[in-house]
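Please open the model in a viewer and keep the selection panel at hand. The stops below proceed from the domains to individual residues.

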Amino acid sequence: MSDYSLELNEDQLQIQKWVHDFAEDVVRPAGREWDEREETPWPIIEEAARNGLYSFDFIAQCFADPTGLLMCLVNEEMSWGDAGIALAIFGSTLAVAGIFANGTPEQIGEWIPQCFGTPEDVKLAAFGVSEPDAGSDVSSLKSRAVYDEAKDEWVLNGTKTWITNGGIANTHVLVLSVDPSLGSRGQASFVVPEGTPGIAQGQKFKKMGIRASHTAEVVLDDCRVPGRCLLGGKEKLDERLARAREGKRTSTQAAMATFEASRPIVGAQAVGIARAAYEYALDYAKERKQFGRAIIENQAIAFKLADMKMHTDAARLLVHRAANMASTGKKFESGEGSMSKLYAGENAVWVTEQAIQILGGYGYVRENPVEQWHRDSKIYTIFEGTSEVQRLVISRAISGIHVN
Ligand SMILES: Cc1cc2nc3c(=O)[nH]c(=O)nc-3n(C[C@H](O)[C@H](O)[C@H](O)COP(=O)(O)OP(=O)(O)OC[C@H]3O[C@@H](n4cnc5c(N)ncnc54)[C@H](O)[C@@H]3O)c2cc1C
């Protein structure tokens, strides 16, 4: 007898339905408005907080799912509703993942609840690694953290860019260089708590898609945080730096630890967009008549839809495999986390473009959502590691060769 199963359990199905209903009733109808306004959709975030969807307890429940799938299911449903709004609501979880991957149990207990606040006083969090001159090459961060031993404080300086919720977040989790000569092995993650002087929002970016999600620079100017804001603690950092200076292997680097955990979740968001576009195009193709018959009666359209469904299901399977491996402690041998995000991201771009094609002129105009979903999908080949970077990870993993 085999215990292999692709069936979701009762709890997962129930939560999936609950999130789907919220996505259908609240998120999807608001998508166009917030895309046009290009602002953080506070009323929707507050509603998500009121019904418990945006809360520490709910996210903790998702992360605690032993199969690892719950967080993916939730993200797929929310992004099926609208990816920009979904990111505005769940952007904080990237910071949560950063704290979870690098923090001590005390730090996890202290800082993670603060990323969410309460339904009466909703808070946001941001996770910042990228810099103007350090995007794919995260080993070349220029922002610095210098320890002031006399005061047991860290002094943070530099500019982070492209940061989701950057500057509007209450809690920022930032990766900075402590010893630039060690590259990514000389980096550490810091929590910058609410109200800390010396941190400010720089430019806010106007974007192609996911426009309900705020993206901005974060500028650090002699920003001082207490010693306890160093995730993992000073002792562990000192040990890690000493090992790196001796040329020994060190444990997972700060930024990479976060990305490993979050890639399948980001992949699940892309699956949500692709599924939305596939379903919309399928319905349209059954309704739309040309030459006296529904356009789906032409193989040219029906085969496209068959491929859209097949590739989206394949993307979901890769996402679920990686999430399951990560949560059950199985090591990624072939870059399975990268595979899931890469495949799901590229599929979302392709599927949404096919959806526009199936809708013809009606797909190109704003009265239908597919043009927006196409714009939204594109970020999934760029953030959390570009498609090229994912291919590097996979090719290095399968070959053992440092492919450039
Ligand atoms: C909307 C948005 C939200 C974001 N949110 C966050 C966030 O919350 N936190 C955060 O830290 N960052 C965030 N980012 C940053 C994002 O992760 C980076 O944009 C991404 O990692 C790519 O870096 P880059 O833009 O500097 O591109 P570059 O690294 O300059 O890359 C440019 C091109 O060169 C290619 N390339 C680079 N190196 C290689 C190589 N070795 N081999 C082959 N090709 C290569 C890339 O694949 C890409 O096609 C966000 C970005 C955007 C646009």
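Helices and strands are here DSSP runs, of at least four residues for a helix and at least two for a strand, numbered from the N terminus. With that convention, select strand S3 (125–128), strand S5 (153–164) and helix H14 (387–399): each supplies at least two residues of the shell around the ligand. The model is a predicted one.

**The ligand shell**

Display the ligand with its surroundings, a shell of 21 residues. Gly-135, Ser-136, Thr-164, Thr-386 and Glu-388 are the closest. Colouring the shell by residue class gives ten nonpolar, eight polar and three charged residues. Where does the ligand lie with respect to domain 2 and domain 3? It lies between them, because domain 2 (125–245) and domain 3 (254–399) both give residues to the shell.

**The domains and one contact side**

Now colour the whole protein by domain: domain 1 covers 10–122, domain 2 covers 125–245 and domain 3 covers 254–399. The C-alpha centres of domain 1 and domain 2 are 23 Å apart. Between these two domains, 25 residues of domain 1 are in contact with 19 residues of domain 2. On the side of domain 1 that touches domain 2, select helix H1 (10–37), helix H5 (83–90), helix H6 (92–102) and helix H7 (105–116), each of which supplies at least two residues. H6 provides the largest share of that side, with seven residues. By class, the side of domain 1 that touches domain 2 comprises twelve nonpolar, ten polar and three charged residues.

**Strand pairing**

Select S5 together with strand S9 (residues 215–226). The two strands pair in the antiparallel sense over nine bridges. For one of these positions, centre on Leu-156, whose bridge partner in S9 is Cys-223. Then add strand S8 (residues 199–204), which runs antiparallel to S9 and is joined to S9 by four bridges. Here Gln-201 stands opposite Val-218 in S9.

**The largest nonpolar core**

Next, show Ile-89, Phe-190 and Ala-277. Of the 113 residues in the largest nonpolar core, these three touch the most other members. Helix H9 (residues 254–287) gives the most to this core, namely 13 residues. Centre on Ala-277 and set aside its neighbours within four places in sequence: Ala-277 is then in contact with Val-351, Thr-352, Ala-355, Val-370 and Trp-373.

**Helix H13**

Two of those contacts, Val-370 and Trp-373, lead to the next selection, helix H13 (370–377). Why is H13 described as largely enclosed by the rest of the structure? Six of its eight residues are buried. They are Val-370, Gln-372, Trp-373, His-374, Asp-376 and Ser-377.

**Two residues with positive phi**

From H13, proceed to Glu-384, in the loop between H13 and H14. Glu-384 has a positive phi of about 55° although it is not a glycine. Is Glu-384 buried or exposed? It counts as buried, because 21 C-beta neighbours lie inside 10 Å and the threshold for burial is 20 or more.

Finally, select Phe-291, in the loop between strand S10 (289–290) and strand S11 (293–294). Phe-291 likewise is not a glycine and has a positive phi of about 55°. Phe-291 counts as exposed, because 8 C-beta neighbours lie inside 10 Å and the limit for that class is 12 or fewer.

Definitions and conventions: Residues are numbered from 1 along each chain as its sequence is written. This is a predicted model: local features need pLDDT of at least 70, side-chain atom pairs count only at pLDDT 80 or more; totals for chains, interfaces and linings use all residues. Domain bounds come from an automatic or database domain assignment. Two residues are in contact if their C-beta atoms, placed from the backbone, lie within 7 Å. Ala, Val, Leu, Ile, Met, Phe, Trp, Tyr, Cys and Pro count as nonpolar, Asp, Glu, Lys and Arg as charged, and the others, Gly among them, as polar. A residue is near a molecule or strand if its C-beta atom, placed from the backbone, lies within 6 Å of it. A nonpolar core is a set of buried Ala, Val, Leu, Ile, Met, Phe, Trp, Tyr and Cys residues joined through C-beta atoms within 7 Å. Two strands pair if DSSP finds at least two bridges between them.
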